[in-house]
Amino acid sequence: MAARVRILLTGWFGFLNGEATAGDVLALHRVQDVLRRAGLDHDVAWSPGFRPAGPHLTQVRPEDYSHLVFVCGPLHGPQIEELHRRFAHCVRIAVGTSVLDAGGPAVTGFHRVLARDGPDTEPTADLAARAPALPARPVVGVILTHGQHEYGARRRHERVAEEVTRWLSGRDCARLELETRLDVHDWRLSATPAQLEAVLSRLDLVVTDRLHGMVLALRAGVPALAVDPVEGGAKVTAQARACGWPALVPAERLDAAVLDHWWDWCGASGRDLARRIGAGFRRGGEPDAADGLLRALAPGRAD
């Protein structure tokens, strides 16, 4: 009777102090897809720092497996050498990896190395390129402020930022931290309003506690989940009212259930309303303070 094949998949994402990158995990998905199609039983060992629920590489029993497959990343270092010792009875295969030193013990410890690149070898496409298609996820801009000390004892900025970011970490979305501050020297910031608007217009949602975070999102036709970080309400609340925008959470009512409610609303009815508000801004239909500027400048016509 043929020996039962049971495979353990791991990589740098399995080491205690290793690094889990999107490319590594997509490479893993590609290998898993190949194994599933072939009907081959397999488990994945993760780092406890990345997947606390496990299973963890340090806890699995090597004797439970016939094969160890190391996925993606460079083949070097004592962590990989330790794998060879710990799983010495297993058939050990590296797939989609980079070979730095073909004669190094981290490389020679494998029975087979299916490399993506290495010395004197023709490179092959990275495994992540052919990973199974992923479901779409909303792209969310996050614009928060920790300043505005002029509000004194009414400030709730730190608590708002902490609660909002903790809540966001549990949402299945792509998060993009943004700033309304412009800077011509810092490449990470927009240098012009047009550059920032180009980013905002490509988002699905903006989560913000800033007045201009909300206004600029709506100007771009993108729904904004706004939180007023000042107890009792201040300029964010006033501007939401002026814009006719309902997705506003007062600092004193901030909790996950309220945020969840407005998240769902922004992804449904809020999309159409944000587009209508943005179109109204462009038409110039709503009055603002600049409309009264000429009257204020006219001699003898101060209001």
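# Salt bridges, strands and backbone outliers

Pro55 has its place in the loop between β2 (42–44) and β3. The model discussed here is predicted.

User: Which peptide bond is cis, with omega near 0 degrees?
Analyst: Start from Pro55, in the loop between β2 and β3. Its bond with the preceding Gly54 has omega near 0 degrees. That makes it cis, and the bond runs from Gly54 to Pro55.

User: What is the phi of Cys72?
Analyst: Cys72 lies in the loop between β3 and β4 (74–75). It is buried, with a relative accessible area of 3%. Cys72 is not a glycine, yet its phi is positive, at about 65 degrees.

User: Is Asp120 buried or exposed?
Analyst: Asp120 is found in the loop between β6 and β7. It too is a residue other than glycine with a positive phi, near 60 degrees. Exposed means a relative accessible area over 50%. Asp120 has 84%, so it counts as exposed.

User: How many salt bridges does the structure hold?
Analyst: Side chains of opposite charge can pair when their charged atoms come close. Some of these pairs are linked further: Arg6, Asp41 and Asp43 form a network of salt bridges. For the structure, the number of salt bridges is 19.

User: How many residues apart in sequence are the parts that Arg116 and Asp126 tie together?
Analyst: The two form a salt bridge, with the closest N and O atoms 2.8 Å apart. Arg116 lies in strand β6 (residues 112–117), whereas Asp126 is in the loop between β6 and β7 (139–143). The pair therefore ties together parts whose separation in sequence, in residues, is ten.

User: Which of the words buried or partly exposed fits Arg116?
Analyst: The cut-off for buried is under 20% relative accessible area. Asp126, the salt-bridge partner of Arg116, has 28% and is partly exposed. Arg116 has 18%, so it counts as buried.

User: By about how many helical turns are Glu162 and Arg166 separated?
Analyst: Glu162 forms a salt bridge with Arg166, the closest N and O atoms being 3.5 Å apart. Glu162 is partly exposed at 49% relative accessibility. Both residues are in helix α4 (residues 157–169), four residues apart, so the separation is about one helical turn.

User: With which residue does Arg210 form a salt bridge?
Analyst: The closest N and O atoms of the pair are 3.7 Å apart. Arg210 is partly exposed at 22% relative accessibility, and its partner is partly exposed at 28%. The partner of Arg210 is Glu179.

User: How many residues apart in sequence are the parts tied together by Arg210 and Glu179?
Analyst: Arg210 lies in the loop between β9 (205–208) and α6 (211–219). Glu179 lies in the loop between β8 (174–177) and α5 (193–200). The salt bridge therefore ties together parts whose distance in sequence, in residues, is 31.

User: How many of the five residues of β3 are buried?
Analyst: Strand β3 covers residues 67–71. Four bridges join strand β1 (residues 7–10) to it, and five join it to strand β5 (residues 91–99). β3 is mostly covered, and its count of buried residues is four.

User: Which residue in β3 is the bridge partner of Ile7?
Analyst: β1 and β3 run parallel. β3 also runs parallel to β5, where Val69 stands opposite Ile93. For Ile7, the bridge partner in β3 is His67.

User: Which are the edge strands of the open sheet of five strands?
Analyst: The sheet has parallel pairing and the order β8-β7-β9-β10-β11. Each edge strand pairs on one side only. The edge strands are β8 and β11.

User: Which residue in β9 is the bridge partner of Val140?
Analyst: β7 and β9 pair in the parallel sense, over four bridges. Val140 has its bridge partner in β9. That partner is Leu205.

User: At about what angle does α4 run to β10?
Analyst: Helix α4 lies across β7, β8, β9 and β10 (224–228). Its angle to β10 is about 150 degrees.

User: Which residues make the nonpolar surface patch of about 350 Å²?
Analyst: One of them, Leu297, is in helix α10 (residues 293–297). Leu297 counts as exposed, at 60% relative accessibility. The patch is made by Leu293, Leu294 and Leu297.

User: Leaving aside neighbours within four places in sequence, which residues is Gln32 in contact with?
Analyst: Gln32 is found in helix α1 (residues 22–37). At 11% relative accessibility, it counts as buried. Beyond those sequence neighbours, its contacts are Leu9, His42 and Val44.

Terms used: Residues numbered from 1 in each chain as written. Predicted model: local features only at pLDDT ≥ 70, side-chain atom pairs only at ≥ 80, totals over all residues. Heavy atoms only, no water. Salt bridge = Lys/Arg side-chain N within 4 Å of Asp/Glu carboxyl O. Helix = DSSP H or I, 4+ residues; strand = E, 2+ residues; numbered from the N terminus. Buried < 20%, exposed > 50% of the residue type's maximum accessible area, 1.4 Å probe, protein only. Pairing = 2+ DSSP bridges. Contact = heavy atoms within 4.5 Å. Axes fitted to C-alpha atoms, helices over the stretch in contact; angles between N-to-C directions. Patch = residues over 30% accessible without salt bridge, like charges linked within 9 Å, V, L, I, M, F, W, Y side chains within 5 Å. Areas by Shrake-Rupley, 256 points an atom, 1.4 Å probe, with all protein chains shown as cover.
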